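These are notes for a colleague who has the coordinates open. The points below move from the overall fold to individual contacts and backbone details.

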Amino acid sequence: MPTDGWKHFGKYGADLDPGNVHGKIALGRALEDALERMIIKGGIKSPVTTRRGLVARMKYLTTHRGGLQALADAGITATSHTIRKWTGGKQEPKPANREAIDTAYWNLRAHNVMANPYVFQQHLNRGGQGTKIEIHPINQDVVTPARRRDNLRVRRFQVRYIWDDAVEAMVAGDAHKLEELWDDVIAELDSDWGAYTYVSHIGLGA
């Protein structure tokens, strides 16, 4: 696809694949995926179906601010007496309540992590080393054959310095800022940067 094709995205059919999106959208999704992985990686490993996993979740929910509300939001209507028994491992909740407890735990953990985005920023900054980014070009199967660029490939490189702003933009839902940051990222690709304004996927090594 010639240069003018990237300036006028969709002119030659690239927009027929809904997976082909602007880099700012893909970057936002990649950040959300990386955040979810970080939340899960740092969370309780034991399943809620085990006594250890159940008690650990209940202790987190009953000792962190917002825990009881998280339980209520997940559909738990048990009395405080029953909740104390669950927390102490003296009573087994029904399967549906176990599932609700698990949901409440992960929702509260996610909320608490995002309440302090500095942790996620540090996770991506890695002490100044940055995070590896993997950029997948658009799917060109939907592009007019004469306008395809067969030499496009997945690009991988280390990205530094943008992550504080990127996390803030993700939290604020600031698409304009994410677009500015994406322009900074693809500027590293020199003359080929325009071909990655729109992409099919972005992965973060975090």
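1. A word on terms first, since the accessibility classes recur throughout: a residue is called buried under 20% relative accessible area, exposed over 50%, and partly exposed in between. Y161, with a relative accessible area of 75%, is therefore exposed. Please keep in mind that the model under discussion is a predicted one.

2. On the overall architecture, the protein contains nine helices and four strands, and these elements follow one another along the sequence in the pattern α-β-α-α-α-α-α-α-β-β-α-α-β. The protein has 206 residues, of which 42% count as buried.

3. The largest nonpolar core comprises 35 residues, and the members that touch the most other members are L31, F120, I133, W182 and I202. Two or more residues are given to this core by each of helix 2 (23-41), helix 7 (118-125), strand 2 (131-137), strand 3 (155-159), helix 8 (163-172), helix 9 and strand 4. Among these contributors, helix 2 supplies the largest share, namely eight residues.

4. Turning to charged contacts, a search of the whole structure returns five salt bridges, and three of them are discussed here and in the two points that follow. In general, side chains of opposite charge can pair when their charged atoms come close. D102 is bridged to R57, with the closest N and O atoms 2.7 Å apart. This pair links distant parts of the chain, given that D102 belongs to helix 6 (residues 95-114) and R57 to helix 3 (residues 51-63), with their positions 45 residues apart in the numbering. The two partners fall into separate accessibility classes: D102 is partly exposed at 21% relative accessibility, whereas R57, with a relative accessible area of 3%, is buried.

5. Which residue forms a salt bridge with R156? The partner is E134, and the closest N and O atoms of the pair lie 2.6 Å apart. Here too distant parts of the chain are linked, with R156 in strand 3 and E134 in strand 2, 22 residues apart. R156 has a relative accessible area of 52% and is exposed, while E134, at 25%, is partly exposed; the value for R156 is to be read against the boundary for exposed residues, which is set at over 50%.

6. A further salt bridge joins E92 to R98, and its closest N and O atoms are 1.9 Å apart. I would ask that this distance of 1.9 Å between E92 and R98 be looked at in the displayed model. E92 is partly exposed, with a relative accessible area of 49%, but R98 is buried, its relative accessible area being 10%. E92 also enters a spatial relation with T82, since the C-alpha atoms of these two residues are 9.6 Å apart while the residues themselves are ten positions apart in sequence. T82 lies in helix 5 (residues 80-87) and is buried, because its relative accessibility of 17% is under the 20% limit.

7. Another pair that may be inspected is A72 and A104, which are 32 residues apart along the chain and whose C-alpha atoms are separated by 8.2 Å. A72 is part of helix 4 (residues 67-73), and with 40% relative accessibility A72 counts as partly exposed.

8. On the surface, D183, D184, E188 and D190 form a negative patch. One of these residues, D190, is placed in the loop between helix 9 (175-186) and strand 4 (198-204). D190 has a relative accessible area of 59% and is therefore exposed.

9. Where along the chain does R126, a residue other than glycine with positive phi, have its place? R126 sits in the loop between helix 7 and strand 2, its phi is near 50 degrees, and at 37% relative accessibility R126 is partly exposed. Y161 likewise has a positive phi in a residue other than glycine, with a value near 75 degrees. Y161 is found in the loop between strand 3 and helix 8, and, as set out at the start, Y161 is exposed at 75% relative accessible area.

Key. Residues numbered from 1 in each chain as written. Predicted model: local features only at pLDDT ≥ 70, side-chain atom pairs only at ≥ 80, totals over all residues. Heavy atoms only, no water. Patch = residues over 30% accessible without salt bridge, like charges linked within 9 Å, V, L, I, M, F, W, Y side chains within 5 Å. Areas by Shrake-Rupley, 256 points an atom, 1.4 Å probe, with all protein chains shown as cover. Salt bridge = Lys/Arg side-chain N within 4 Å of Asp/Glu carboxyl O. Lys, Arg positive; Asp, Glu negative; His and termini not counted. Charge placed at Lys NZ, Arg CZ, Asp CG, Glu CD. Buried < 20%, exposed > 50% of the residue type's maximum accessible area, 1.4 Å probe, protein only. Core = buried A, V, L, I, M, F, W, Y, C linked by side-chain atoms within 4.5 Å.
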